[in-house]
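Reader: I am in my first year and I learn best by staying with one part of a structure. Please take me through a single sheet and what surrounds it.

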Amino acid sequence: MDKIKIELQGVSMVYNRDSSKPVYAIHDFNLKVEEKEFLAIVGPSGCGKSTLLYIIGGFLSATSGNILMNNVPITAPGPDRGIVFQHFALFPWKTVKGNIMFSLEEKGIPKKERPKIAQHYIELVHLKGFEDSYPNQLSGGMKQRVALARTLAFNPEILLMDEPFGALDAQTRASMQDELLQIYAREKKTVIFVTHEVREAVYLADRVVIMSARPGTVKEMIETKLLPSENGKKVVECSAFFEKTNHVWLSVREEVMKSIEDRR
C-alpha cells in the first residue's frame with residue numbers, strides 16, 4: 001500500500017450541540033487518502049462535504065474522532081495544507097503577481113526569491129502577460145487560476161479544493177478541469193476535491209467518495225482512474241466513463257431523495 005497522507009478515524013461533527021436542536025453534520029466518517037492521490041467527494045447538498053474539508057484544513061475542530069496527516073494529529077491550519085475556494089478571495093488592490101507574492105511573504109520566503117517563484121506559477125497556470133493585471137480586469141476562469149497559483153506557490157503537501165469551478169460557465173469549467181489535471185501531473189500533490197458535479201468528479205479523480213445524506217458518512221467509494229483512451233476515443237467518450245458516471249450519479253440521487261423525504 002502507498003503511504004497514507006490523510007486519515008480520518010470515526011470523525012463526527014455536531015453543530016449547536018448544547019442547544020435543544022443540535023445539527024448532526026457528519027457521523028463516524030472513516031477515510032484514508034494516499035499520498036499523491038486525487039480524491040473527489042460528492043454527495044447531496046447539506047451532507048457535510050465542505051465541513052469535512054474545513055476539518056481537514058484545520059479551520060474547524062471535529063466534535064469527536066481523529067484527523068491525522070502523516071500520522072500526526074491535525075489541530076490547526078498549516079502551510080502543509082492549501083485550500084482553494086469557489087469564490088476566488090483575491091485581494092482586489094493587488095495585481096496577479098502581487099496576490100501570489102503575498103502568500104510567499106506570509107510563508108516567510110526571502111523577498112528577493114518571491115518574484116521568480118511567483119512568475120513560475122503564473123506561467124504554470126498560463127497567465128503569462130497578465131502579471132500586472134488586477135482582479136477586476138480578469139475573467140472568472142483567470143481569477144480562479146490566480147487563486148490556484150497563489151495556493152500552489154507556497155508549496156503545500158495537500159491541495160484542498162471546495163467547489164473551485166462552481167461559479168464558472170460550462171465551457172470555462174471544462175477548460176479548468178483539463179488545466180487542473182495538467183497541473184496535477186506536474187506537481188503531484190495530494191488533492192481532495194469537493195464538488196456537486198458527478199461528471200467532474202469521475203473525470204478528475206482517482207477515487208470518488210460518495211457521502212450519505214446528513215449526517216454525512218461514507219456511503220460508497222468508487223475507483224475512477226480510467227485508461228486514457230479506448231480505441232482512440234477521449235476518456236469522456238469511453239463506455240467505462242459513462243458506466244462510472246451513471247453509477248455515481250444514481251448513488252448520489254438516492255441520497256438526495258432520502259434528504260428530501262427527511263425534510264417532509
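Author: What follows is a walk through one sheet, strand by strand, and then through the helices and rings around it. Keep in mind that this is a predicted model.

Start with the layout. Six strands form an open sheet. Their order is β6-β7-β8-β3-β9-β10, and the pairing is mixed. Which strands stand at the edges? They are β6 (81–84) and β10 (218–223). Each has a single partner strand, so one side of each is left without a neighbour in the sheet. From one strand to the next, the twist averages 20°.

What does "mixed" refer to? Strands of a sheet pair through backbone hydrogen bonds, either parallel or antiparallel. Both kinds can be found here. Take the parallel kind, beginning with β7 (158–162). Five bridges join β7 to β8, and these two strands run parallel. M161 stands opposite F193 in β8. Now step across to β3 (38–42). β3 and β8 also pair in the parallel sense, over four bridges. There, F38 has V191 in β8 as its bridge partner.

The antiparallel kind appears with β10. Strand β9 (residues 207–211) is joined to β10 by five bridges, and the two run antiparallel. M211 stands opposite V218 in β10.

Now look closely at β8 (190–194). Is this strand enclosed or open to the outside? Five of its five residues are buried, so β8 is largely enclosed by the rest of the structure. Next, check which way its residues point. In a regular strand the side chains alternate between the two faces of the sheet. In β8, T190, I192 and V194 point one way. V191 and F193 point the other way, and all are buried.

Next come the helices. Helix α4 (140–153) lies across β6 and β7. It runs at about 175° to β6.

Helix α5 (residues 170–187) has 18 residues. From its first C-alpha to its last, α5 reaches 25 Å, close to the 26 Å expected at 1.5 Å a residue. Which residues of α5 are buried? They are R173, M176, Q177, E179, L180, I183 and Y184. What do they pack against? Their partners include three strands of the sheet: β3, β7 and β8. They also pack against the helices α3, α4 and α6.

Helix α4 has another set of partners, in α2. The buried residues of α2 pack against α3 (114–124) and α4. Helix α2 covers residues 96–107. At 1.5 Å a residue, its twelve residues should span 16 Å; the end C-alpha atoms are 18 Å apart, which agrees. V96, N99, I100, S103 and L104 are the buried residues named in α2. They cover an arc of only 140° around the axis, which puts them on the same side of α2. After α2 comes G108, with a positive phi near 90°.

Finally, the rings. A pair of aromatic rings is described by the distance of the centres and the angle of the planes. The structure holds eight aromatic pairs. One of them is F91 and W93, a tilted pair with 5.1 Å centre to centre and 40° between the planes. F91 counts as partly exposed, at 22% relative accessibility. W93 is exposed, with a relative accessible area of 59%.

Another pair is Y203 and F241, which is edge-to-face. Here the centres are 6.5 Å apart, and the planes make an angle of 85°. Y203 lies in helix α6 (residues 198–204) and F241 in helix α7 (residues 239–263), so the pair ties together parts that are 38 residues apart in sequence. F241 counts as buried, at 2% relative accessibility. Y203 counts as partly exposed, at 23%.

Ring pairs also link F38, F165, Y184 and F193 into a cluster. You have met some of these names already. F38 is the residue whose bridge partner is V191 in β8. F193 stands opposite M161. Y184 is among the buried residues of α5. So ends the tour, back at the strand we looked at most closely.

Technical notes. Residues are numbered from 1 along each chain as its sequence is written. This is a predicted model: local features need pLDDT of at least 70, side-chain atom pairs count only at pLDDT 80 or more; totals for chains, interfaces and linings use all residues. Side-chain values use heavy atoms; hydrogens and water are left out. The expected span of a helix is 1.5 Å times one less than its number of residues. Buried means under 20% relative accessible area, exposed over 50%, partly exposed in between (1.4 Å probe, protein chains only). The arc is that of the directions from the helix axis to the C-beta atoms. Contact means heavy atoms within 4.5 Å. Rings of Phe, Tyr and Trp (its six-membered ring) pair if their centres lie within 6.5 Å; planes under 30 degrees apart count as stacked, over 60 as edge-to-face and the rest as tilted. Two strands pair if DSSP finds at least two bridges between them. Axes are lines fitted to C-alpha atoms, for helices over the stretch in contact, and angles run from 0 to 180 degrees between N-to-C directions.
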